[in-house]
Amino acid sequence: MALVPLKRRRRASSPPAGPPGPGRFPAVVLCLVEKRMGASRRAFLTQLARAKGFRVDRAYSAAVTHVVSEQNSGAEVAQWLEQQREECGAEGDPALLDISWFTESMGAGRPVEIESRHRLRGGWQMAPYACQRRTPLLHSNQPLTEALETLAEEAGFSGSEGRSLAFTRAASVLKALPGRLSTLEELGPLPGIGEHSRRVIQDVLEDGVCAEVERVKLSERYQTMKLFTKIFGVGVRTASRWYQEGLRTLVDLQERGTKLTRQQQAGLRHYDDLNTPVERGEAESISRAVQGAVQRCLPGTSVTLAGGFRRGKPHGHDVDLLLTHPEAGREAGLLSRVVSWLDSQDLILYQHSQENSYALQEGPEPPGGRDVMDRFERCFSIFRLEVQGGPGAARGWKAVRVDLVVAPISQFPFALLGWTGSRHFERELRRFASHERKMVLNSHALYDSRRVWQLWAYVGTWG
Ligand code: 8DG
Ligand code: CA
Ligand code: CA
């Protein structure tokens, strides 16, 4: 059997060419560029558009009126078009469009008017919100994003949330670039990268390192803040206070008799284990243990691995598990029974639980309000996981941080979305909902903020 070249084999999995038919919009013929979009996403988008009555041709021809691409520059798509024209021997003068035109048209159920913001220009294209971009785990600009994330972390340690967010945003843009950045000019006027971040990028591109970042990494304050905030239960405020009191090491905390909460004591006791990455296999093993427990306490309850592992990360700093039951209300009281059973099996080294306080909410949250915190019933715990290899091998077990969260079935989709992360993705998703759709999204619900505010104003007139 003759081997099919890789390129052609891939094409075979693309949407069938077939006669596309006139569709509902005869003046519009779409062609999606596979490069950077990927074959499976292209197939999905093709199916979506066809279901809405659009004609989508797999191959370019003179009939194509709209070429849609994702994360390609105008120059790249123009080059692609030249090649297609050569291959099919047909001219045609389609509009070269960014995916935003496609998304808006699908939302509207018809081809929307082409505006200049939809057209591809030179340089890299980038959707303005992180939640609209593909952000792969492995990307080509690691040294740049590490430098920016160090400054983001340092700004967070100083309580400058705005500055921290600016560096995080710049890093997020670089993570979504389709290739390695080699000069600052290539960035063009990309949104989300401020002056300070540009200086850092330039330093790293020119010298391999940025002096400011190196200074931060060597500073006593940064190193101490990092050491202390890695203790389970210690936030920036506590770490900062300890630093001001002259504490510098974990031994200092013990020798000076620093007052610690029960959670911090557990964090300190298991410091090394909790700062050793949790492997996917370990997360799955903990998930199975919790599954075993819920089947005893309330059969039918589902346990879903969320957080970084759900995003495909091979390791993480903890294990996030969401519990729900298909019958509304049955989940009440479940968590304490599950935790007690796990405890009776010697699987839990530490735990503290919080009740569900969602029903106690006094009103709608202001758009863009609280960050990622939600009000589900949950248990912050440390599990005792049996291991054969790795750092805990000698004693046969390892301490692992586990978050158990219980969501009523009606709120489960929002909980799952909220607990999948990343934090920046969630923040951007909420910002998008609020600024672009006038809606409020949190881990409990998605609703039209205008209607809820109107309703609350109306209720207010009674009193
Ligand atoms: P990692 O553990 O792999 O290092 O990273 P991660 O899994 O992305 O981070 P995480 O700190 O475990 O958080 C997972 C997601 O859970 C994150 O997007 C934020 C989200 N989350 C909520 N509500 C709450 C909450 O009330 N507290 C915390 N800590 N996280 C929450 O949706
Ligand atoms: Ca996690
Ligand atoms: Ca977590």
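Here are some worked exercises on the structure above.

The structure is a predicted model, in which local features need pLDDT of at least 70, side-chain atom pairs count only at pLDDT 80 or more, and totals for chains, interfaces and linings use all residues. Residues are numbered from 1 along each chain as its sequence is written, chains are lettered from A and ligands numbered from 1 in the order in which they are written, and side-chain values use heavy atoms, with hydrogens and water left out.

**Exercise 1. Lay out the sheet**

Task: Find the strand order of the open sheet of 5 strands, and name its edge strands.

Solution:

Step 1. Start with the terms. Helices (H or I, at least four residues) and strands (E, at least two) are DSSP runs, numbered from the N terminus. Two strands pair if DSSP finds at least two bridges between them. Strands of a sheet pair through backbone hydrogen bonds, either parallel or antiparallel.

Step 2. Read off the order, which is β6-β8-β11-β10-β9, with mixed pairing. At the edges are β6 (302-305) and β9 (348-354), each pairing on one side only. Direction ignored, neighbouring strands of this sheet are turned by 25° against each other on average.

Step 3. Check the mixed pairing. Strands β8 (residues 319-324) and β11 (residues 397-406) are parallel, with 5 bridges. Strands β10 and β11 run antiparallel and are joined by 10 bridges.

Step 4. Pick out some partners. Asp-320 has Asp-403 of β11 as its bridge partner, and Val-319 stands opposite Val-402 in β11. For Arg-384, the bridge partner in β11 is Ala-399.

**Exercise 2. Judge how enclosed β11 is**

Task: Is β11 largely enclosed or left open by the rest of the structure?

Solution:

Step 1. Set the scale: buried means under 20% relative accessible area, exposed over 50%, and partly exposed in between (1.4 Å probe, protein chains only).

Step 2. Apply it to the strand. In β11, 10 of the 10 residues are buried, so the strand is largely enclosed by the rest of the structure.

Step 3. Look at both faces. On one side, Trp-397, Ala-399, Arg-401, Asp-403 and Val-405 are all buried, and on the other side so are Lys-398, Val-400, Val-402, Leu-404 and Val-406.

**Exercise 3. Inspect a calcium site**

Task: Which residues coordinate the calcium ion (ligand 3)?

Solution:

Step 1. Know what counts as a donor: N, O and S atoms within 2.8 Å of the metal (3.2 Å for Na, K and Ca). Water is not among the atoms, so sites may look incomplete.

Step 2. List the donors. Asp-318 (OD), Asp-320 (OD) and Asp-403 (OD) coordinate the calcium ion (ligand 3) at 2.2 to 2.5 Å. Their spacing in sequence is D-x1-D-x82-D.

Step 3. Follow the bridge. Asp-318 bridges the calcium ion (ligand 3) and the calcium ion (ligand 2), and these ions lie 3.8 Å apart.

Step 4. Add accessibility. Asp-318 counts as buried at 7% relative accessibility, and Asp-320 counts as buried at 10%.

**Exercise 4. Classify aromatic pairs**

Task: Why is the pair of Tyr-129 and Phe-432 edge-to-face?

Solution:

Step 1. Recall the rule. Rings of Phe, Tyr and Trp (its six-membered ring) pair if their centres lie within 6.5 Å; planes under 30 degrees apart count as stacked, over 60 as edge-to-face and the rest as tilted. By this rule there are 6 aromatic pairs.

Step 2. Use the values. The ring centres of Tyr-129 and Phe-432 are 5.2 Å apart and the planes are at 90°, so the pair is edge-to-face.

Step 3. Place the residues. Tyr-129 lies in the loop between α4 (99-108) and α5 (142-157) and Phe-432 in helix α18 (residues 423-437), so the pair ties together parts that are 303 residues apart in sequence. Tyr-129 is buried at 7% relative accessibility, and Phe-432 is buried at 18%.

Step 4. Try another pair. The rings of Phe-228 and Trp-242 have centres 5.4 Å apart and planes at 90°, so this pair is edge-to-face. Phe-228 is in helix α9 (residues 220-229) and Trp-242 in helix α10 (residues 236-244), 14 residues apart. Phe-228 and Trp-242 are both buried.

**Exercise 5. Explore a buried loop residue**

Task: Where is Asn-141 found, and which residues does Asn-141 touch?

Solution:

Step 1. Locate the residue: Asn-141 is in the loop between α4 and α5. Its relative accessible area is 2%, so Asn-141 is buried.

Step 2. List the contacts (heavy atoms within 4.5 Å). Not counting residues up to four places away in sequence, Asn-141 touches Leu-174, Leu-177, Gly-179, Arg-180 and Leu-181.

How values were computed:
Axes are lines fitted to C-alpha atoms, for helices over the stretch in contact, and angles run from 0 to 180 degrees between N-to-C directions.
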